[in-house]
Amino acid sequence: QVQFVESGGGLVQPGGSLRLSCVVTSRIFNLYAMGWYRQAPGKQRELVAHVTNGGNTNYADSVKGRFAISRDNAKSTVYLQMNSLKPEDTAVYYCHALGASTPWGQGTQVTVSS
């Protein structure tokens, strides 16, 4: 069964940086585009960035220019470098394979606060 194991979240001040990692314990990693999603309290889960298996990337307007997604196919790992963090980036962050009908991981909490 596919598992998504997210890590790297924490508490950071506005303007700070964090790097999230997600290890995917399945061979599907190389078959799918991979995305980072987030869900803030009381809001729906949203896709903030994704990277194709060929390395092409796309970002939500709210994070464009501040976040960078990347993947290491040899390690079945996808990363999200988050810079210039804002309080509105506070959420639980999840990774998932786009279009795959597999369970979600636990996510990692990111809190941006002074």
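Which side chain meets the side chain of Glu-46 in a salt bridge? The partner of Glu-46 is Arg-38, with 2.8 Å from N to O. The legends below start with the whole chain and then return to this pair. The model is predicted.

**Figure 1. The whole chain is built from strands, with zero helices.**
The secondary structure comes to 10 strands. Read from the N terminus, the elements run β-β-β-β-β-β-β-β-β-β. The C-alpha trace spans about 40 × 25 × 20 Å along its principal axes. The radius of gyration of the chain is 13 Å, which agrees with the value near 13 Å that a compact globule of 114 residues would have. Of contacts between residues at least 6 apart in sequence, 53% join residues at least 24 apart.

**Figure 2. The surface and the charges of the chain are shown here.**
The accessible surface comes to about 6,000 Å². Carbon and sulfur atoms hold 46% of this accessible surface. Buried residues make up 44% of the 114 residues. The chain carries 10 positive and 6 negative charges, and the mean positions of these two sets are 5 Å apart. The whole structure has four salt bridges.

**Figure 3. Glu-46 and Arg-38 form a salt bridge between their side chains.**
The N to O distance in this pair is 2.8 Å. Glu-46 has a relative accessibility of 34%, so Glu-46 counts as partly exposed. Arg-38 has a relative accessible area of 6%, and Arg-38 is therefore buried.

**Figure 4. Arg-38 also meets Asp-89 in a salt bridge.**
The distance between the side chains of Arg-38 and Asp-89 is 2.9 Å, N to O. This pair links distant parts of the chain, since the two residues are 51 apart. Arg-38 belongs to strand 4, which covers residues 34-39. Asp-89 is in the loop between strand 8 (77-82) and strand 9 (91-97). Is Asp-89 buried or exposed? At 1% relative accessibility, Asp-89 counts as buried.

**Figure 5. Asp-89 meets Arg-66 in a salt bridge.**
The side chains of Asp-89 and Arg-66 are 2.8 Å apart, N to O. Arg-66 lies in the loop between strand 6 (57-59) and strand 7 (67-72), while Asp-89 lies in the loop between strand 8 and strand 9, so the pair ties together parts that are 23 residues apart in sequence. Arg-66 counts as buried, because its relative accessibility is 12%. Salt bridges that share partners join Arg-38, Glu-46, Arg-66 and Asp-89 into one network. In this network, Arg-38 is a partner of Glu-46 and of Asp-89, and Asp-89 is also a partner of Arg-66.

**Figure 6. Ser-76 has a positive phi although it is not a glycine.**
The value of phi for Ser-76 is about 50°. Where is Ser-76 placed? Ser-76 is in the loop between strand 7 and strand 8. Its relative accessible area is 18%, so Ser-76 is buried; the cut-off for this class is under 20%.

**Figure 7. Ser-84 is a residue other than glycine with a positive phi.**
Phi of Ser-84 is near 50°. Ser-84 is found in the loop between strand 8 and strand 9, and Asp-89 of Figure 4 is placed in the loop between strand 8 and strand 9 as well. The relative accessible area of Ser-84 is 41%, so Ser-84 is partly exposed.

Methods:
Residues are numbered from 1 along each chain as its sequence is written. This is a predicted model: local features need pLDDT of at least 70, side-chain atom pairs count only at pLDDT 80 or more; totals for chains, interfaces and linings use all residues. Side-chain values use heavy atoms; hydrogens and water are left out. The radius of gyration is taken over C-alpha atoms; the globule rule is 2.2 Å times the number of residues to the power 0.38. Buried means under 20% relative accessible area, exposed over 50%, partly exposed in between (1.4 Å probe, protein chains only). Contact means heavy atoms within 4.5 Å. Accessible areas come from the Shrake-Rupley method with a 1.4 Å probe; for residues, only the protein chains shown count as cover. Lys and Arg count as positive and Asp and Glu as negative; His and the chain ends are not counted. The place of a charge is taken as NZ of Lys, CZ of Arg, CG of Asp or CD of Glu.
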